Amino acid sequence: MNGRVLLDTNILVYLYDGSDSDKQAKAFAAVDRLIRSQKAVISPQILGEFFVATTRTRRQLLTPNEAAERICNYWAACSIVPVTGAISLEATRGVLVYQMSFWDAQIWATAKLNQIQHIYSEDFSTGAIIEGVEFLNPFL
């Protein structure tokens, strides 16, 4: 594989969530290192989830304009991989075989079909490897 890392939405959200300064600092260090080394990868799914998570009215972290600006910045700084029909099909297999939620399975399938060995997320069992894709929690 190529050392690239798919960033899950929660890693990006913590960059703007000051309620946990330790996680915010770790997220910043991880994202900064990956962007600088050109190993950061995101997908349109992750960008959409980021927009929703940071602009929801219950706990708004960013205004819609600020979130849109950040998305443009990530679009320029990270590798963007598309969500394709093949990824959606592979995600359904991930749901059936590994009992993942569809959206988590789609993130896994995005990494798998784009030959991305690692996913940074706090939503999976860290160190778990599913069909060559390893889940790592940068907060541990």
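These legends describe the whole chain and then several close-up views of a predicted model.

Local features are given at pLDDT of at least 70 and side-chain atom pairs only at pLDDT 80 or more, while totals for chains, interfaces and linings use all residues. Residues are numbered from 1 along each chain as its sequence is written, and side-chain values use heavy atoms, with hydrogens and water left out.

**Figure 1. The whole chain holds 6 helices and 6 strands.** Helices (H or I, at least four residues) and strands (E, at least two) are DSSP runs, numbered from the N terminus. Read from that end, the order is β-α-α-β-α-α-β-α-α-β-β-β. The radius of gyration is 14 Å, close to the 14 Å that the globule rule gives for 140 residues, so the chain is as compact as a globular protein of that length. This radius is taken over C-alpha atoms, and the rule is 2.2 Å times the number of residues to the power 0.38. Along the principal axes, the C-alpha atoms fill a box of roughly 35 × 25 × 25 Å.

**Figure 2. Surface, burial and charge across the chain.** Of the 140 residues, 42% count as buried. Buried means under 20% relative accessible area, exposed over 50%, and partly exposed in between (1.4 Å probe, protein chains only). The accessible surface comes to about 7100 Å². Carbon and sulfur atoms hold 54% of that surface. Areas come from the Shrake-Rupley method with a 1.4 Å probe; for residues, only the protein chains shown count as cover. There are 12 positive and 14 negative side chains. The centres of the two sets lie 3 Å apart. Lys and Arg count as positive and Asp and Glu as negative; His and the chain ends are not counted. Each charge is placed at NZ of Lys, CZ of Arg, CG of Asp or CD of Glu. Among contacts with a separation of 6 or more, 58% join residues 24 or more positions apart. A contact means heavy atoms within 4.5 Å.

**Figure 3. The open sheet has 6 strands with mixed pairing.** The strand order is β3-β2-β1-β4-β6-β5. β3 (79-80) and β5 stand at the edges, each with a single partner strand, so one side of each is left without a neighbour in the sheet. Two strands pair if DSSP finds at least two bridges between them. Strands of a sheet pair through backbone hydrogen bonds, either parallel or antiparallel.

**Figure 4. Strand β6 (residues 133-136) pairs with β4 and with β5.** β4 (residues 118-120) runs parallel to β6, and 3 bridges join them. His-118 has Glu-134 as its bridge partner in β6. Tyr-120 stands opposite Leu-136 of β6. On β5 (residues 129-130), the pairing with β6 is antiparallel, with 2 bridges. Ile-129 has Glu-134 as its bridge partner in β6. The hairpin of β5 and β6 has 2 residues between the strands. In this hairpin, Glu-131 takes a positive phi near 50°.

**Figure 5. Two loop glutamines, Gln-38 and Gln-115, take a positive phi.** Gln-38 sits in the loop between α2 (21-36) and β2 (40-42). Its phi is about 60°, although Gln-38 is not a glycine. Gln-38 counts as exposed, at 66% relative accessibility. Gln-115 sits in the loop between α6 (102-113) and β4. Its phi is about 55°, and Gln-115 is not a glycine either. Gln-115 is exposed, with a relative accessible area of 54%.

**Figure 6. Asn-10 and Asn-137 are each in contact with Ser-121 and Glu-122.** Asn-10 belongs to helix α1 (residues 9-14). At 11% relative accessibility, Asn-10 is buried. Beyond its neighbours within four places in sequence, Asn-10 is in contact with Ser-121, Glu-122 and Asp-123. Asn-137 lies in the segment after β6. Asn-137 is also buried, with a relative accessible area of 15%. Leaving aside neighbours within four places, Asn-137 is in contact with Ser-121, Glu-122 and Thr-126. The C-alpha atoms of Asn-137 and Thr-126 are separated by 5.5 Å. Along the chain these two are 11 residues apart.

**Figure 7. Thr-84 lies in the loop between β3 and α5 (85-98).** Thr-84 counts as partly exposed, at 33% relative accessibility. Thr-84 and Thr-110 are 26 residues apart in sequence. Their C-alpha atoms lie 8.5 Å apart in space.
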